[in-house]
Amino acid sequence: MAVLAEAARISRSLSAPLCLIHADEFTQEKEDRFRSALRDLQLESGAAIRFEPGEPAEAILKVQREEKIDLLVAGAMETQSVHRNFTGDVARELLRRAPCDLLLYTEPKEDPQPPQAILVVVPDLSKMSRQVLRAALSLAERSGGRQITLLHVQTTFAEAKEKALGVGNGTLSAEETLESWVQDEARPNLDLDYHLLRGNTGFTACEFIQSSGTDLVVMPSLMPSSDQPVFAPALDWIIQVIPGNLWVIRQPEKESPSVPS
């Protein structure tokens, strides 16, 4: 019910039709239960419902292809431990294989609220990462968000390389680039800031996110059809561990990392 309520909120905010996918055989009883749930949540009771038998991830991806769905909304179905929230089997397969954006909820609510604090994780300082930042800014402006924090992890090697090569001829350091993005993308009534983490593993970012109390994590990903890994090395931990509600923005092509001024 909570995931359905979250999906309905997104559907309304985007003015996009809502399609429910259930990985099982059709029965009238199941359809009646779905229709009843929609009425209980005061949602459009005539929303499309697709029943697709089979392994859940396969069934979801089959319907996604056939219906040309742009955004999949699902529960992350994580298993909680003392220190980590492990990504569920279905969510893990969707992260690896879904050729569209994903919204995965670790804490869906039946009375969903737009995210107030959004954290945008950028693996590099490329045009692709900046586009992801702008998508998060657009979401915040539409939904009344109050805070966006850019998070970039700089490895020891990258930091040493930056110091060895120096900056000049219009090239900015990582921190200067983040500062320029924050200045250039400033919005009224929105607190935009950045956090530069230094560490050698992606879990540095994961641990920071878990302690940040953010409502939504946004990160870029390549399309699964690309010959490149779906997630950058600094972010591939997300397939195993999900630190909070997550929006994955798919990008079709990998560009060479750059540091725009």
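Start by selecting Glu93 in this predicted model: at 23% relative accessibility, Glu93 counts as partly exposed. Now add Arg97, whose side chain meets that of Glu93 in a salt bridge, at 3.4 Å from N to O. Both residues belong to helix H4 (residues 89-97), where they sit four residues apart, or about one turn of the helix. Arg97 is partly exposed as well, with a relative accessible area of 32%.

Next, go to Glu185 and Arg134. Glu185 is in the loop between helix H7 (174-184) and strand S9 (191-198), while Arg134 is in helix H5 (residues 127-143), so this pair ties together parts that are 51 residues apart in sequence. Show the side chains and you will find a salt bridge of 2.7 Å, N to O. Is each partner buried or partly exposed? Glu185 is buried, at 5% relative accessibility, whereas Arg134 comes out at 42% and is partly exposed.

For the third stop, select Arg198 and Glu175, which form a salt bridge at 4.0 Å, N to O. Here too, distant parts of the chain are linked: Arg198 lies in strand S9 and Glu175 in helix H7, 23 residues apart. Arg198 has 45% relative accessibility and counts as partly exposed; Glu175, with a relative accessible area of 32%, is also partly exposed.

Finally, select Arg130, Arg134, Glu141, Asp184, Glu185 and Arg187 together: salt bridges with shared partners join these residues into one network. Your second stop, the pair Glu185 and Arg134, is part of this group. If you would like to keep exploring, the structure holds 18 salt bridges.

Conventions:
Residues numbered from 1 in each chain as written. Predicted model: local features only at pLDDT ≥ 70, side-chain atom pairs only at ≥ 80, totals over all residues. Heavy atoms only, no water. Helix = DSSP H or I, 4+ residues; strand = E, 2+ residues; numbered from the N terminus. Buried < 20%, exposed > 50% of the residue type's maximum accessible area, 1.4 Å probe, protein only.
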